[in-house]
Amino acid sequence: MKALSVFQQALLDVTLESYSDIPAEEDIDVSFSPTYLATMRKLSRRNSYRTWAVRILAAAACIALIAAFSIPALRERISRPGSEVTYALTLSAEEIAAAPQEIETPITPSYTAEGYQRANAGDETGRYGISLSFVGPAGEKYMFSQSVLGDYAVEADDSDGTISLIRMVEDRKHQVLEIGAYEVLAVYPEEEDATGPVWYYWTDHAYIYRIYAENGEQFSQVELAKIITSITPE
Amino acid sequence: MLAYAAMIDDPKEKSRFVRLYEGYQKQMYAVAYRILKDQMLAEDAVQTAFYGIAKNMRSVPSDDEAQIKAYLFTCAKHAAFRIMEQENRQKSAADQLIEIYADAPSAFSQVEEADDYHRLVAAIRQLEPIYRDVLLMHYVYACDLDEIAEKLQRKKKTVKQQITRAKKQLLVLYERRDCV
């Protein structure tokens, strides 16, 4: 390190003198807001797997209306489409603040869709998220992710203190599927095309989980239910 | 909000950024809160400061804790001032200062090359804080005008004026016999 001149050292010392009343980092007792923590977590994120996750979320936020499809084996609730922005997977600010700030317990599906196997090459594991890739016999892929809630805190509602995890742009229709104990948000592509990519989101109030399927018809809803209900701590 | 770490291509710089955030965010918050007296606004100031830091990681000193601290705190302070200005819709006092030292001789090199530490400290203590900060960024951290403008949330033209005024004011203060 290059030594400072007398002038430079004097500048530095007087500057530090002006901050002499600031306590040491470990002595400062402050509870940052969930929104701040979520923003700063994104800011300090290291893992490159975020790149695809951010792209997928950005795409998910741009999908259009699609007709609901029948799922005989599952109860379904159709969300009311509207012309305004709607939000899904809403939790209280306290729940999000109390949730793990990092992946404390890796939770992954123990069931792999029939005919698929782990791709491994696409897997990523980091402090704030886990991503697993699976590839089918014809090269089609699906991905499972576990992320911290703070990463998805997109909108705070000051009237009731809730924070939504998923933001849906106007005139979108999505489905909420009740799979096991979870309410799973299914988000469809812009075109009325069942073969386009589909995203599934759900939360256990500790983490948020996603399944991204390249093709909405690559496995059945029964297979989807098996995957979702098979997630367990590693 | 943008994934700021994603703005940093170099993995080492990205890792360094994370260490800065984890090591100093509370203190930077305290600096901002001291000015803004509001948690939300202080958090905004810290985020704004880190945004600027992420964009110019190469300007952040890497070895000396004192230099790192002064750099980060100065960024947080000026982010807070900017928010305060926006909240109060007032121009900062520094921008309104009359250039009372306009006619001072431009012999700043005698200050730059001075070896009387205590006399320098005494003169710098009397300098307007905004002028001290622009000199700090310019002389200690070797930031150019664009970088200083980004860090201190000022226009480039304003920064240029402030550096000129700062040098003139400090020269006069240093030359005054009663400043020690």
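A salt bridge here is a side-chain nitrogen of Lys or Arg within 4 Å of a carboxyl oxygen of Asp or Glu. The legends below describe close-ups of a predicted model. Over all chains, the structure holds 10 salt bridges.

**Figure 1. B:R82, B:E85 and B:R154 are linked in a network of salt bridges.** Within the network, B:R82 pairs with B:E85. Their closest N and O atoms are 3.3 Å apart. Both residues sit in helix α3 of chain B, 3 residues apart, so about one helical turn separates them. B:R82 is partly exposed, at a relative accessible area of 29%. B:E85 has 13% relative accessibility and counts as buried, because the limit for that class is under 20%.

**Figure 2. A salt bridge joins the side chains of B:D133 and B:K77.** The N to O distance is 2.6 Å. This pair links distant parts of the chain, 56 residues apart. B:D133 belongs to helix α6 (residues 129–140) of chain B. B:K77 belongs to helix α3 (residues 65–88) of chain B. Both B:D133 and B:K77 are buried.

**Figure 3. B:D146 and B:K156 meet through their side chains in a salt bridge.** Here the N to O distance is 3.5 Å. B:D146 lies in helix α7 (residues 145–152) of chain B and B:K156 in helix α8 of chain B, so the pair ties together parts that are 10 residues apart in sequence. B:D146 is partly exposed, with 47% relative accessibility. B:K156 is partly exposed too, with a relative accessible area of 43%. Side chains of opposite charge can pair when their charged atoms come close.

**Figure 4. Helix α1 of chain A crosses helix α5 of chain B.** Helix α1 of chain A covers residues 6–17, and helix α5 of chain B covers residues 117–125. Their axes come within 9 Å. The crossing angle is roughly 45°. That angle falls outside the parallel, antiparallel and perpendicular ranges, so α1(A) and α5(B) are oblique to each other. The crossing is right-handed. From α1(A), the residues in contact are A:V6, A:F7, A:Q9, A:A10, A:L11, A:D13, A:V14 and A:E17. From α5(B), they are B:Y117, B:L120, B:V121, B:I124 and B:R125. By class, this contact has 9 nonpolar, 1 polar and 3 charged residues.

**Figure 5. B:T164 lies in helix α8 of chain B.** The helix runs over residues 156–175. B:T164 has a relative accessible area of 35% and is therefore partly exposed. B:V134 is 30 residues away from B:T164 along the chain. The C-alpha atoms of B:T164 and B:V134 are separated by 9.8 Å.

**Figure 6. A:H205 has a positive phi without being a glycine.** Its phi is near 70°. A:H205 sits in the loop between β12 (198–203) and β13 (207–213) of chain A. With a relative accessible area of 39%, A:H205 is partly exposed.

**Figure 7. B:Q153 is not a glycine, yet its phi is positive.** The value is about 60°. B:Q153 is placed in the loop between α7 and α8 of chain B.

Terms used: Residues are numbered from 1 along each chain as its sequence is written. Chains are lettered from A and ligands numbered from 1 in the order in which they are written. This is a predicted model: local features need pLDDT of at least 70, side-chain atom pairs count only at pLDDT 80 or more; totals for chains, interfaces and linings use all residues. Side-chain values use heavy atoms; hydrogens and water are left out. Helices (H or I, at least four residues) and strands (E, at least two) are DSSP runs, numbered from the N terminus. Buried means under 20% relative accessible area, exposed over 50%, partly exposed in between (1.4 Å probe, protein chains only). Axes are lines fitted to C-alpha atoms, for helices over the stretch in contact, and angles run from 0 to 180 degrees between N-to-C directions. Angles under 35 degrees count as roughly parallel, over 145 as roughly antiparallel, 65 to 115 as roughly perpendicular and the rest as oblique. A crossing is left-handed if the near helix is turned anticlockwise from the far one by less than a right angle, and right-handed if clockwise. Contact means heavy atoms within 4.5 Å. Ala, Val, Leu, Ile, Met, Phe, Trp, Tyr, Cys and Pro count as nonpolar, Asp, Glu, Lys and Arg as charged, and the others, Gly among them, as polar.
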